[in-house]
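Visitor: I'd like a close look at one part of this model, the sheet and whatever packs on it. Could you walk me through it strand by strand?

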Amino acid sequence: MKRHFFLLLITLLPHILSAQDSLRLEQIVKSAESHYYVNPDSTLYYARLLIDESHDAKNPHYLGEAKRLIGVYFQLSAKPDSALTYFEDAIIIYTQIQDSTELARVMISAGVMETGLGNYGAALKRFLESQEIAERIGNEPYRLRTITEIGRIYSIQGEHQKALKQMQYYYSKVKGSKELSEVAAALNYLTGEFMLLDMLDSSLFYLEKNLEVQKRLNFPIGIAAVLQNRATIYSKTGMTEKALEDFDQAFEYYSKAGFSQGIGQLSINNAAIFMSEKDFEKAIRILNEGVYHSSLMKDYHALRAQYQELTSAYDSIGDKANAFVAFKNFYAMNDTLMNIDKQRTMSDLFTKYETKEKEQQIELQQAALSAQEARLMRNRILIFGLVFIALLLIALVLLVRNRSKKKELLMQKDAQLKLRDAELNAVINSQEKERNRFARDLHDGFGQLISVLKLNLSTLTDKEAQQPEKRLEIYENGASVINDMYAELRSICFDLMPQTLVKNGLGVALREFGDRITQSNKVLCEVIVFGEKKRLPELMEVSLFRICQEWVNNVMKYAEASHITIQLTRDETELTLTVEDNGKGFDAERFYSGTGNGWKNIQTRLNLIKGEFDLDTHPERRGTMMTVNLPDTSIQKIPTSTESQITA
């Protein structure tokens, strides 16, 4: 049974890896789409990254997505020709891999670019092809989108009743949707057609609805467009002040979003008010600003209207030269947008579209029952297959996750044991070294003094010792040796466990430690203590003292320093111990990774008191500073204990 199960897992493994690649690629797509309006350059970055990743994963679907995303970037960057090129590349890829959903989507994008360039025939052809695909695969959002885009072409050609019919149908399908962007789009198209048909009350009614939706979306371009349309209606109904107020707000929103196309369109309606009030100079200024923005976007419709208004405005102030230039530009835009071949092609395609609609309605009714039955059967088979695969994948994921967790726990425990062993070894080695040093000190120092005392006392048996003067000399020599023995004993006891530390605390112990170092005449050691108002827990005092002692011994041994400064500072939030010297610097990484017991011993004590360690040094400069920092919360959590916990 296990053998068959693992054979099945091996069979499914390539599919699992492919799914992981797809998840990663899909995340890149989402990252690119999230930057559409905020930072288009980031969209381009993620799209190019997606090209590389999709090539590595040999996934043509996401290669098509990358091409589409780059097309969107150029669309937002007002480069419709470049955008169209990348959309067409995506169309080729999706056609080859027979991805109907993405093919319908990118065909709509290509059609929108064709519309913007004035290629209405090519645009309509794209929309019809996309609509046919959407109907075949049952994708209602894309089908509705093609209806609105075809309605836009109707509107551009002046057939506003047909356009209104398209827009009303679209709104009736999406008005109850939770997708506010779809509702906003439908309201935009609908109010636009009511305005073109001069049905201002209906237009205002839907504009107010749309303004609420756009504000909920928090989309500056959408809010500006609604305000612009409302201002136009106010202008037509004689409410000039309200119109100018809305135009100003719309201009602010467009400028905030950097939307040149909107500013260009806005200039036409705004200038119309000043034309009607005979303020031709201001109208000319607004129109010229609009021409600049429309040129950036290659918005030929807006440019045609702007040049037409500029011709009239220049003529009204008697500037015949500029009026003639504006008229020539208007004629050029008109010639670009309208020609006999395009009109004939569009007429044929519109006829084909209207005929196709009627034929499709009949065909759809006849095929509905058989298609529905086949679809249900296919869906059942697909669902059963997906459920079976999902169960297998879940079992595999749970098995792999369980094994991974166990392996991870074993690795963590092993690492903890190794760290604990290293810490214990460091402490044991350190203690052994200390014992050896104490034994050597007792033998070399204390032992020699005892020998001297014994030799001095042995002279009491001599005949000369019977004399009082000689006895006094022997006594004085013995007393001197005993004093030296007492001093040596105090020094050894201080190294073992300073009584000053036990009785008076860390600050006093550090001062005594510094004095002893200074008295050795090898290094001048300065100790500074701030803010030590109350005793610390015993474990913390011992640990900090041993850390300082370990570090200073290393400084004296290796750094060739002449001055050491020990500073202990405590305030309301933390306690800080620093040891600074003027000796040779060294490589901190070699210190951390070294095999010696010094760092391991310091690290063990730091772990006990939950201290933070910092080291500032460099081999090419003199001077080193070691810092141990303890937050006040850590101090409160450390229990009063003894140093025996270090090796517990």
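Guide: Here is a tour of the sheet, with a short stop at a helix pair afterwards. Keep in mind that this is a predicted model, where local features need pLDDT of at least 70 and side-chain atom pairs count only at pLDDT 80 or more, while totals for chains, interfaces and linings use all residues. Residues are numbered from 1 along each chain as its sequence is written, and side-chain values use heavy atoms, with hydrogens and water left out.

The sheet is open and has 5 strands, in the order β1-β2-β3-β5-β4, with mixed pairing. Strands here are DSSP E runs of at least two residues, helices are H or I runs of at least four, and both are numbered from the N terminus; two strands pair if DSSP finds at least two bridges between them. At the edges sit β1 and β4 (612–616), each pairing on one side only. Averaged over the sheet and ignoring direction, neighbouring strands are turned by 10 degrees against each other.

Let's start at the β1 edge. β1 (residues 524–530) runs parallel to β2 (residues 563–570), and 7 bridges join them. Along that seam, C525 has I564 in β2 as its bridge partner, and V529 is partnered by L568. L568 also stands opposite L577 in β3, so to speak a good residue for finding your way across. β2 pairs with β3 (residues 574–584) in the antiparallel sense, over 7 bridges, and a hairpin of 3 residues joins the two.

Now for the helix on the sheet: α20 (residues 506–519) packs there and touches β1, β2 and β3, where contact means heavy atoms within 4.5 Å. The direction of α20 makes about 165 degrees with that of β1. Axes are lines fitted to C-alpha atoms, for helices over the stretch in contact, and angles run from 0 to 180 degrees between N-to-C directions.

Last stop, the helix pair. α13 (residues 260–276) and α15 (residues 300–316) pack at about 25 degrees, their axes 9 Å apart. That makes them roughly parallel, a label for angles under 35 degrees. On the α13 side, G264, Q265, S267, I268 and M275 meet A302, A305, Q306, E309, S312 and A313 of α15.

Definitions and conventions
Angles under 35 degrees count as roughly parallel, over 145 as roughly antiparallel, 65 to 115 as roughly perpendicular and the rest as oblique.
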